[in-house]
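Visitor: I'd like to understand the words people use when they walk through a model. Could you take me round?
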Amino acid sequence: MHIIHLSAECYPAAKAGGLGDVVGSLPKYLNQHGEFCEVIIPKYRTPWLDEQEFDVVWESSAPLGQDYFGFTILKEKTNKLGFPFYVIDIPGRFDRPGVYIDPWSGHGYWDEFERALSFQIAALEWIRTFHKKPDVIHCHDHHTGLVPFMIKQCVRFSELQDMPSIITVHNAEYQGQQSMMNAEMLPPFIPHNYGLLEWNGQLNSLASALKCAWQITTVSQSYMQELGESSSGLEPLFNQETAKSRGIINGIDTEVWDPSTDPLLEHNYTIRGIKTGKKKNKAVLCEQFGLNPELPTIAFIGRLVREKGADLLPDLISHFMHSDKEVNFILLGTGDPSLHDIFARMENDHFGYFDATLEYNEKLAHQMYAGSDFILMPSRVEPCGLNQMFAMRYGTIPIVRSIGGLIDTVKDLSDGDGYGIRFDDFTLHEAEEAINRAIDLFADKKEIQRVVSRIAKLDYSWNNSAKEYINMYKELINLK
Ligand code: GLC
């Protein structure tokens, strides 16, 4: 089957979060299972994209409202990602360093809608010239959410009308809401169907995709259920569309995330050598941050935002810093500026027990997965979550809130064959209890070693989920 993935992110070309990891790995695994997947993203000015060599595939221009924009489709020369990788160069829109956010101002780009729409239109302009159309077009998140509408409703793309479309929801908090006036920027469509773009009086790209795509998927089954109860206003829509919805858990790229070969680690280790391997990496990590390697070390890696529960961390960490329990906390990420200030202050107050690196740092992230004992994810919302899987692959025990994909990937130690620590309510008290359990587990050297060995052997690769995607693609093609 020929499947085209359209996305705003794809690791290592452009990544802001887990969406990038998924789009950078799922197509590779689908291809290893015999499919033919290609990926298209915008051509940003990221360091990785600047370094690659591309062939020009196609050049054209297309209307955007009253204006026209020129664009070029480029293909990475070597197929190094494990799939044909295309970028669309749209001068004036994407020749900027940030994926969504301007790194200098810290704010989103002013023309977010025009950027996303021009990318989607350019992709469809190109695809409609294909002699043989793709079997499926697979869209990811709201940035590509207008594609299912445009291929069904815009006269310009009528050749693509029968092409099955999928929207995968990685995060329903972001929906791409705009004034309904912006609908005028789309290529002409049957005015009668204007409502397919609208939700609560606004143009809503994600809502439109939920209405128009042939299939809705989300990145875990638990999140799929939660969306019907809580999805920032889209609940009725998710409930209405259950017949075409399903949750498929994400996998991780076990080639990139392999402690025995990971080039970003100081000391590589196999499952057999995991005890000494982790000890050596922990020593490096603790030395770097001036921490005592004999203490349990708990890491938080990720965006410092409400959704990830980052606002719970200051009180939680302070509680342990003022208690008689000895524990290290290390933190890596960027986000809410007010949290940056708090963490910077706490670093001085709790020197020797707490360190915060307030930046995006892929290398340090790998070292933290390898050198920490526990990874903490107190998320309010977690569609899937990849960090707990990266951590487990490196023998680091997850402490997670029971939500979304964390429920589907982490089994609590109290469940006989369990291997992680879970807590239910988003409260300081429950999070403290979970950390107390981690500290107790750390003190039981035999038991913690047993858990570490167990988690490192779990299979979180894409293999199972890739098969589910393939079956779903086949079902869609049969519907045609
Ligand atoms: C988003 C979600 C995260 C998920 C990722 C990949 O970043 O917040 O939970 O793992 O997408 O699907």
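Visitor: What makes the space of about 40 Å³ the second largest cavity?

Guide: This is a predicted model, where local features need pLDDT of at least 70, side-chain atom pairs count only at pLDDT 80 or more, and totals for chains, interfaces and linings use all residues. Residues are numbered from 1 along each chain as its sequence is written, and side-chain values use heavy atoms, leaving out hydrogens and water. A cavity is a set of points on a 1 Å grid over the protein atoms alone where a 1.4 Å probe fits but cannot get out. The search of the whole structure finds two cavities of 30 Å³ or more; the largest has a volume of about 70 Å³, and the second largest about 40 Å³.

Visitor: How do you know which residues line the second largest cavity?

Guide: Lining residues have an atom within 4 Å of a point. Among them here are Ile298, Phe300, Leu313 and Phe354.

Visitor: How does the lining of the second largest cavity divide into nonpolar, polar and charged?

Guide: Ala, Val, Leu, Ile, Met, Phe, Trp, Tyr, Cys and Pro count as nonpolar, Asp, Glu, Lys and Arg as charged, and the others, Gly among them, as polar. By that rule the lining has 10 nonpolar, no polar and no charged residues. The lining of the largest cavity has three nonpolar, six polar and one charged.

Visitor: Why is helix H5 called largely enclosed?

Guide: Buried means under 20% relative accessible area (1.4 Å probe, protein chains only). Eight of the eight residues of H5 (residues 205–212) are buried, so the rest of the structure largely encloses this helix.

Note on methods. Buried < 20%, exposed > 50% of the residue type's maximum accessible area, 1.4 Å probe, protein only. Helix = DSSP H or I, 4+ residues; strand = E, 2+ residues; numbered from the N terminus. 1 Å grid on protein atoms, 1.4 Å probe; cavity = no way out; pocket = protein on both sides within 12 Å on 5 of 7 lines; lining within 4 Å. Points joined across faces, edges and corners; volume = space filled by probe spheres on them.
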